[in-house]
Amino acid sequence: MSLSRRHLLTTAAGAAAATTALAPSAQATPFAAAPAPDPAETVRTLRTAADYAVTKLRAVAPGVTSFPVITKFEKWTYSDNGDWVGGFWPGTLWMAWLHSGDAQFRSLALASADRLAPRRTDTATHDLGFLFYPSWVTAWRLTGDPKWRDGALQAASSLVKRYNSAGRFIRAWGALNESANAGRVIMDTMMNLDLLTFASKQTGDPRYLDAAVAHARTAQRYFPRPDGSTPHVYDFDPATGAPLGPNTVQGYSPSSCWSRGQAWGVYGFTTMHRRTGDPQFLATATKLADYALGALTPDNVPVWDYLAPQQPYDIKDSSAGAVLACGLLDLSAATGRPAYREAALRILTALATTCLTTRSTRAQAVLARATRNRPAEDGIEVSVPYGDYYLLEGILRVLRPTDVDRAIDLSSV
């Protein structure tokens with residue numbers, strides 16, 4: 001069967017199934033009763049935040065010659081090879097270019113992306129989507145230079161090697177010849193699948209999309225709990241694919257709900273629905289979104305873990321809010337439900353009014369109050385490059401949706 005017939009489920013029956021799958025959640029969504037944000041005021045707030053980001057980047061970006069990883073005392077620390085976050089710096093520069101039209105950002109984005117070239121053949125990480133989608137795929141979409149497309153396809157070929165056919169999942173961590181973590185699956189990988197869907201679309205080779213869909217279905221089967229919360233990790237026997245159970249690295253416990261992981265799930269499952277038309281992926285995204293919004297504190301900035309003992313008075317993770325807002329905007333478009341868009345606007349407004357670095361003269365990042373790894377006491381309410389990137393992506397999804405579509409492809413099958 002052809003690639004299009006196997007996965008591009010756009011029939012009337014599929015649409016009807018999606019409506020049926022979403023109906024119970026739509027009737028029981030508590031956040032739907034919240035007042036809608038004022039459109040004019042929201043636009044002013046978000047434009048001011050985007051302008052601030054551009055001003056900050058104009059001051060900081062010319063001096064950046066490596067990849068920002070996390071701030072220490074408000075200054076960026078760097079990785080020469082990009083770690084897992086290298087794609088977000090050129091991605092942020094692309095967003096700044098889209099908003100400002102300043103050619104300097106375009107030049108810096110291309111130079112930064114070029115420094116990721118050695119990672120195209122890295123088979124020791126699942127993070128190649130994070131590394132190459134906002135950098136190389138976006139560069140190709142905005143410039144048309146086939147160099148960037150071809151490099152992204154090389155990265156996809158490296159990523160698909162991590163697919164475990166016995167368990168139908170992409171392993172998260174560890175080199176392919178290492179037994180440690182060979183059966184470990186994490187929610188974050190949902191965000192790396194779009195590099196594979198891109199590769200199948202560009203080449204016509206179904207194996208990339210097959211792996212992405214299989215992984216998403218495995219995650220869909222094992223990660224969501226009945227209430228819509230998720231663990232960070234699920235472990236499998238790498239030889240047989242048998243499920244071993246939930247676990248965590250960045251959440252409070254295997255039974256808690258790490259807020260950024262939940263946001264990765266909302267965004268990732270919605271993207272997989274857009275790429276395949278599968279109504280069950282949309283239903284899963286909706287279930288995860290409804291849980292996250294039900295757990296959100298009145299200030300609309302997520303705590304780092306929705307089920308940690310100190311919530312709702314725990315430390316925040318603004319980056320989880322930025323990712324969640326992007327996913328909710330996508331989900332609203334996919335479901336036709338304005339309540340998701342309104343919730344996203346409340347989150348973005350909260351980030352823009354309570355989490356920017358505007359009061360600091362030494363801060364090099366845009367978004368403060370992110371938390372990288374609370375259990376490891378590693379980066380507690382700091383700035384991280386993915387916080388800045390998804391904040392700008394979310395804001396420009398509102399202010400400049402056509403431009404963002406050109407950059408990252410918001411289309412659906």
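Biologist: In this predicted model, are α8 and α9 roughly parallel or roughly antiparallel to each other?

Modeller: Helix α8 covers residues 193–203, and helix α9 covers residues 206–222. They pack at an angle of about 150 degrees. Angles over 145 degrees count as roughly antiparallel. Therefore α8 and α9 are roughly antiparallel.

Biologist: Which residues in α8 meet α9?

Modeller: Look first at the α9 side of the contact. Among its residues there are P206, Y208, L209 and H215. The α8 residues that meet them and others in α9 are L193, L196, T197, A199, S200 and T203.

Biologist: How many residues in the contact of α8 with α9 are nonpolar?

Modeller: Take the other classes first. The contact has 4 polar residues and 1 charged residue. Its nonpolar residues number 9.

Biologist: Now the other pair. Are α4 and α5 roughly parallel or roughly antiparallel?

Modeller: Helix α4 spans residues 88–100, and helix α5 spans residues 103–114. Their axes are 8 Å apart, at an angle of about 160 degrees. The cut-off for roughly antiparallel is over 145 degrees. So α4 and α5 are roughly antiparallel.

Biologist: Is the crossing of α4 and α5 left-handed or right-handed?

Modeller: The two helices touch through residues including W89, L93 and W97 in α4. On the α5 side, F105 and L108 are among the residues met. As α4 passes α5, the crossing is left-handed.

Biologist: How many charged residues does the contact of α4 with α5 have?

Modeller: Nonpolar residues number 12 here, and polar ones 2. Arg counts as charged, and R106 in α5 is part of the contact. The charged count is 1.

Technical notes: Residues are numbered from 1 along each chain as its sequence is written. This is a predicted model: local features need pLDDT of at least 70, side-chain atom pairs count only at pLDDT 80 or more; totals for chains, interfaces and linings use all residues. Side-chain values use heavy atoms; hydrogens and water are left out. Axes are lines fitted to C-alpha atoms, for helices over the stretch in contact, and angles run from 0 to 180 degrees between N-to-C directions. Helices (H or I, at least four residues) and strands (E, at least two) are DSSP runs, numbered from the N terminus. Angles under 35 degrees count as roughly parallel, over 145 as roughly antiparallel, 65 to 115 as roughly perpendicular and the rest as oblique. Contact means heavy atoms within 4.5 Å. A crossing is left-handed if the near helix is turned anticlockwise from the far one by less than a right angle, and right-handed if clockwise.
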